[in-house]
Structure formats: C-alpha cells, structure tokens
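Hi,

Here is the structure I said I'd pass along. Have a look, and my notes follow below.

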Amino acid sequence: MNDDSAAWQLYPGGTVTLRELGLRDGLQLTANWPGTSSKIEWINLAYEAGVRHFEVGSFLPPSRFPQFADVRELISAVSSLPGASSSALVLNERGVNDALGTAVDEIVIPVSATEEHSRANMNRSRASAVSLVGEAAKMRGSPEDGPVVNVAISVAFGCSIAGDVEARDVLDLVGECVEAGAETIAVADTVGFAGPKQVAELCRRLVEEFDGYPLKIHLHDTRGTGIANAYAALQAGINVLDGTIGGLGGCPFAPGATGNVVFEDLVFLCERCGIPTGIDLERLVMVRSILERELPDEHLFGAVAKAGVPAAIDWKASGAESCR
C-alpha cells in the first residue's frame with residue numbers, strides 16, 4: 001500500500017485521528033434514538049468543534065434496526081461537509097451493495113477473533129467473514145471507484161463467550177484479512193477485557209508486522225481501563241482511535257459489552273500528550289446537550305465533561321511530554 005492510496009488519504013501517518021462512532025456504536029444499545037434532524041445537528045456541531053471522521057450507522061434491515069434507517073441521509077450530510085468522512089458497518093453482501101450505492105467513504109466489516117462471537121454477531125463463521133472482505137473488495141473494484149474497505153477485529157483482547165484470545169491468533173487473522181483485500185485494520189476491545197500491557201504488546205506487534213497499513217484501535221471503557229489502554233496504543237504507534245460522545249454504546253451480541261471510551265476524554269489525553277487533535281474541546285462538550293435532550297434516560301460518561309476543561313493552566317502546553 002502506497003501513501004497515495006485512499007486509505008492513507010483518510011488516515012495519514014504522523015498525526016492522530018479520532019473517529020466519533022456515536023451514531024453507530026453509540027446507538028446500538030440505547031432504548032431510543034434521536035430523529036434524523038437531531039442526528040444531523042449532532043454531526044454539524046461536532047464538525048464545528050473539529051471532528052472530521054464519523055461512523056454514521058449500519059446497513060442492516062430497518063425492521064430490525066430502526067435506529068439506522070436513515071444511514072443514507074447521514075452519509076449525505078457528512079458528504080456535504082468539506083474534509084469530513086463517513087463510515088458505516090456492513091454484515092453481508094447485501095449491505096455491501098447498498099453501501100456502494102452511496103457516497104460513504106469507508107465500509108466496516110467486523111471479523112471476530114473467536115468463532116463463537118462470529119456466530120453470535122454475524123451468524124456466519126470466521127472464514128465466511130474473511131471471505132466477505134474479499135467479496136466486498138471485488139464488488140467495490142478499484143480503490144478509486146468506491147469506499148475504503150476496513151476490517152474491525154472484534155473481541156481481539158478477549159471474548160465474553162469464548163474467553164482468552166491469543167495475540168498470535170489475532171495477528172494471523174489480520175494477515176488473512178489483508179490478503180483478502182482489507183485496506184485498513186482495527187482491533188477492538190469489544191467487551192472491555194484489555195489492560196494497558198496487553199494493548200501495548202498487541203499494538204506493537206501489529207505495527208511491526210503490518211507497517212504498510214493504517215491501523216486503528218477501538219476501545220471500550222467497560223471496566224475503567226479505556227483511557228489507559230488508549231495511552232498504551234498511542235505509545236505503541238497506533239494513530240487512529242475510536243470513541244463516542246458520552247461513552248455511549250456497546251455490542252448487543254457480546255454479553256457485558258457496554259461503554260465505549262469517551263471521545264471527549266480521548267481528545268484531552270492526546271492534547272496533554274502533546275499530540276494535536278484539531279478539536280476544540282470546549283465546543284465538543286457542547287454536543288452532549290443534544291444527547292441529553294434526545295436520550296434523557298441514557299447515562300452519559302466522561303471525566304472532562306464532569307470536571308470541566310482546565311482554565312487555570314495551559315492544558316495544551318507544548319512542554320507536555322509526548323506519548324511517543
């Protein structure tokens with residue numbers, strides 16, 4: 001993969017990219033969800049704060065997942081914003097085909113690190129999920145003709161159904177996905193089992209073995225280690241991290257998979273590490289007002305939102321020690 005590829009244009013090396021997944025992962029477990037106009041308000045306000053990467057939904061049957069019925073409208077909304085990009089989840093060939101009929105910049109195919117989670121999440125084997133990656137790449141054709149194909153390795157740090165997951169198994173699975181046609185790779189702590197040591201080790205090995213690919217990490221804060229794990233990933237060389245406003249979200253097909261890492265806290269972490277994010281944290285926190293209005297029964301997480309953005313210090317001080 002060369003630096004002119006679509007994937008590298010979305011996720012250039014040398015800078016940090018924070019992706020806001022609230023409109024997809026964040027709404028998977030909520031009892032209710034905002035209307036389309038409020039979702040677009042969410043996107044616009046986050047964009048004004050400096051967010052440029054949005055995961056806006058899934059191409060799933062609206063009868064089963066009505067919270068994603070407006071995914072096409074949200075893709076169009078993101079496409080209208082200069083420099084912004086959208087991604088959406090697909091679980092089968094029909095979803096890929098539907099996504100290819102839109103202006104989405106990236107399709108996300110989950111491939112589980114365990115057979116048990118793959119059956120529960122996608123109703124297909126791991127081998128079949130890898131085959132879907134290849135089929136998606138073929139259906140898309142030339143990278144210039146459509147969205148980037150991203151694979152998210154679910155339960156890469158442990159599975160609440162099957163238990164421990166070996167790093168070597170994850171690395172081998174990543175290799176299979178790359179060979180099948182994946183252009184970017186994400187590893188996900190779907191159920192919040194990981195600790196910083198485990199994250200640092202797997203991320204270091206990923207960077208060593210797949211240096212030619214944009215690599216991402218998708219963390220959950222289920223057991224309070226999300227920010228520590230993000231720091232470990234940054235130190236290991238991962239420069240694309242996922243989060244959701246207010247820490248909303250989780251996987252409905254993995255027992256105990258609640259709570260994404262809080263996006264606002266990720267911004268603060270990176271800035272304190274001396275890694276500019278391009279995001280205005282004060283304005284970003286304002287996005288929470290939409291969630292509070294539209295999702296009054298949902299608990300929102302976040303240390304920065306609770307304590308406030310520091311006013312007595314230069315919290316973006318250039319003297320802050322870099323994570324890397």
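How many residues of strand β2 (residues 53-58) are buried? The count is 6 of 6, so to speak a mostly covered strand; buried here means under 20% relative accessible area, with exposed over 50% and partly exposed in between (1.4 Å probe, protein chains only). Helices (H or I, at least four residues) and strands (E, at least two) are DSSP runs, numbered from the N terminus.

Before the rest, the small print. This is a predicted model, where local features need pLDDT of at least 70 and side-chain atom pairs count only at pLDDT 80 or more, while totals for chains, interfaces and linings use all residues. Residues are numbered from 1 along each chain as its sequence is written, and side-chain values use heavy atoms, leaving out hydrogens and water.

Now the neighbours of β2. Strand β1 (residues 17-20) runs parallel to β2, joined by 2 bridges (strands pair if DSSP finds at least two bridges between them). Arg19 has His53 in β2 as its bridge partner. From β1 the chain goes through helix α2 (residues 36-49) to β2 in a right-handed β-α-β crossover, meaning that with the strands pointing away from the viewer, the path from the first strand over the helix to the second runs clockwise.

With strand β3 (residues 85-89), β2 shares 5 bridges, again parallel, and Gly57 sits opposite Ala88 of β3. The link from β2 to β3 passes through helix α3 (residues 71-79), and this β-α-β crossover is right-handed.

Lastly, cysteines: there are 0 disulfides (pairs of cysteine sulfur atoms within 2.5 Å). Cys177 is in none, its nearest cysteine sulfur being that of Cys203, 16 Å away.

Cheers
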